[in-house]
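Student: I would like to go through this structure step by step. Where do we start?

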Amino acid sequence: MEPENLTQIAEFLLLGLSEDPELQPILFGLLLTIYLVTVVGNLLIILAVSSDSHLHTPMYFFLSNLALTDICSTSTLVPKMLLNIQTESKAISYAGCLTQAYFFMVFLCMDNLLLTMMAYDRYVAICHPLHYMVIMNPCLCVLLVLICLLISTVDALVHALMLLRLSFCKHLEIPHFFCDLTQILKVACSNTLINNTILLLATILLGFGPVSGIIFSYARIVSSILRIPSTGGKYKAFSTCGTHLSVVSLFYGASIWVYLSSALTDSPRMSAMASVMYTVVTPMLNPFIYSLRNKDMKGALRKLILGVFSFL
């Protein structure tokens, strides 16, 4: 096939999760439900944190930013999936595909870095409790979020700009439900060695780096908790980390599952199904984890909901 100039490429074709016509209404209903639950759940987290002065702490500040990131991440992918199912079209424009890939990379990296910042927050709270409010002051918290956003934006921008140098062939079919960077590279006609090298370096720096930071933080946390003499004190200290550990386990567990499914199977459709877990399901579950396991959050949500109903 002859390579085609980038400016002449009209569209990519997203093959989606299934080509079975009978499954399309089921997929549409399921995805729409998950999307609405994700947006409403994470929005409630943001509103609860904003409206309750008891939650104006660094931990909940990072949590509200994580909830906002999850809303944006899901909104980057699901509406286009729903539109394609509803219109029975698989097409996405070249500009739309690169835009979707860019914003997904931004929000995925933000999720990763925010989870690391939350681990650091728990480390300071448990290992240096007397200096917690001095170290985790509002200016530092805002600065940390801005740094996360800057790193995520620059990382995604580098990948997006490197995509612009590639040539593509006609009949561009992506065996996925969104414009995933790795899938775009697979359909390129030109040499992708530089792109894959940058992707590998970014994965090492922005993947293993944050994971190492989380592991280090929790190693120090566990060491500090074990030195607490009372059982009640140990339980109270560890309970403040339980929700974050659950979200971290879900996020990285889903990511590892996607990697393993891609490595162990030659079926792109199976890899796409596995990707649903960390791209769509995980953002939906995060609000439930934080609200069900956190007494302060449950109280804030209860007051928020009662306030809304009393207003109506």
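**Surface, fold and core**

Tutor: We start with the surface. This is a predicted model, and its protein chain exposes about 16,200 Å². Carbon and sulfur atoms supply 71% of that area.

Student: Which residues form a nonpolar patch on the surface?

Tutor: One member of the patch lies in helix α5, which spans residues 138-163. Together the patch residues have about 250 Å² of accessible area. They are Val142, Leu146 and Leu149.

Student: How many helices and strands are there in the protein chain?

Tutor: Along the sequence the pattern reads β-α-α-β-α-α-α-β-α-α-α-α-α. Counting the symbols gives 10 helices and three strands.

Student: Why is the protein chain said to be as compact as a globular protein of that length?

Tutor: The globule rule gives 20 Å for 312 residues. The chain is close to that value, so it is as compact as a globular protein of that length. Its radius of gyration is 21 Å.

Student: Which residues touch the most other members of the largest nonpolar core?

Tutor: That core has 49 residues, and buried means under 20% relative accessible area. The residues touching the most other members are Phe62, Leu115, Ile221 and Met297.

Student: Which element gives the largest share of this core?

Tutor: Among the elements that give two or more residues to this core are α1, α2, α3 and α5. The largest share is 13 residues, and it comes from α3.

Student: What share of the residues of the protein chain counts as buried?

Tutor: The chain has 312 residues. A residue is buried if its relative accessible area is under 20%. The share that counts as buried is 48%.

Terms used. Residues numbered from 1 in each chain as written. Predicted model: local features only at pLDDT ≥ 70, side-chain atom pairs only at ≥ 80, totals over all residues. Heavy atoms only, no water. Patch = residues over 30% accessible without salt bridge, like charges linked within 9 Å, V, L, I, M, F, W, Y side chains within 5 Å. Areas by Shrake-Rupley, 256 points an atom, 1.4 Å probe, with all protein chains shown as cover. Salt bridge = Lys/Arg side-chain N within 4 Å of Asp/Glu carboxyl O. Helix = DSSP H or I, 4+ residues; strand = E, 2+ residues; numbered from the N terminus. Core = buried A, V, L, I, M, F, W, Y, C linked by side-chain atoms within 4.5 Å. Buried < 20%, exposed > 50% of the residue type's maximum accessible area, 1.4 Å probe, protein only. Rg over C-alpha atoms; globule rule 2.2 N^0.38 Å.
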